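Please keep the structure open while reading the notes that follow. Each point can be checked by finding the residues by number.

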Amino acid sequence: MTKVKIKRGDSVIVTTGKNRGSKGEVLEVIKKEGKDPRVIVAGVNIVKKHVKPSAANPQGGIVEKEASIHISNVALVDENGKATKVAYKVEGDKKVRIAKSTGKEI
């Protein structure tokens, strides 16, 4: 499996595709064996899904929800609001993530 440098709760920006430039928070990171990692970002890549009536949703109908995006199409946002790459640094016995553009801890 590939190393994932983006985690749940990170703020990211979409770098390519129809939602390019959109910013949001990562709701979920999806890692499956044999597949590339994907992320679900709040308010980005909204799709309409037809839902059958159920106990939770007795009306059914068309629901709008976020679909996943390939992890290579998003980048972490630094404190300046720009995309940055992620580096790792070992401080003592802890491994911390560093924003390459600013050099500060994420």
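1. Is Lys31 buried or exposed? Neither word fits: in this predicted model, Lys31 has a relative accessible area of 49%. The cut-off for exposed is over 50% and for buried under 20%, so Lys31 counts as partly exposed.

2. Lys31 lies in the loop between β2, residues 23-30, and β3, residues 38-41. Lys31 also belongs to a positive surface patch, together with Lys3, Lys5, Lys7, Lys85, Lys95 and Lys100. A residue needs over 30% relative accessible area and no salt bridge to join a patch.

3. Both strands that flank this loop, β2 and β3, are part of an open sheet of 6 strands. The order across the sheet is β6-β3-β2-β1-β7-β8, with antiparallel pairing. At the edges are β6 (69-70) and β8 (83-84), each of which pairs on one side only.

4. Within that sheet, β1 (residues 11-14) pairs with β2 in the antiparallel sense, over 3 bridges. Look for Ile13, which stands opposite Lys23 of β2.

5. Which strand pairs with β9? The partner of β9 (residues 86-91) is β10 (residues 94-99); they run antiparallel and share 6 bridges. Lys89 has Val96 in β10 as its bridge partner.

6. The hairpin of β9 and β10 has 2 residues between the strands. In this hairpin, Gly92 takes a positive phi near 70°. Lys95, listed above in the positive patch, falls within the residue range of β10, 94-99.

Notes:
Residues are numbered from 1 along each chain as its sequence is written. This is a predicted model: local features need pLDDT of at least 70, side-chain atom pairs count only at pLDDT 80 or more; totals for chains, interfaces and linings use all residues. Side-chain values use heavy atoms; hydrogens and water are left out. Two strands pair if DSSP finds at least two bridges between them. Helices (H or I, at least four residues) and strands (E, at least two) are DSSP runs, numbered from the N terminus. Patches are made of residues with over 30% relative accessible area and no salt bridge: like charges are joined within 9 Å, nonpolar side chains (Val, Leu, Ile, Met, Phe, Trp, Tyr) within 5 Å. Accessible areas come from the Shrake-Rupley method with a 1.4 Å probe; for residues, only the protein chains shown count as cover. A salt bridge is a side-chain nitrogen of Lys or Arg within 4 Å of a carboxyl oxygen of Asp or Glu. Lys and Arg count as positive and Asp and Glu as negative; His and the chain ends are not counted. The place of a charge is taken as NZ of Lys, CZ of Arg, CG of Asp or CD of Glu. Buried means under 20% relative accessible area, exposed over 50%, partly exposed in between (1.4 Å probe, protein chains only).
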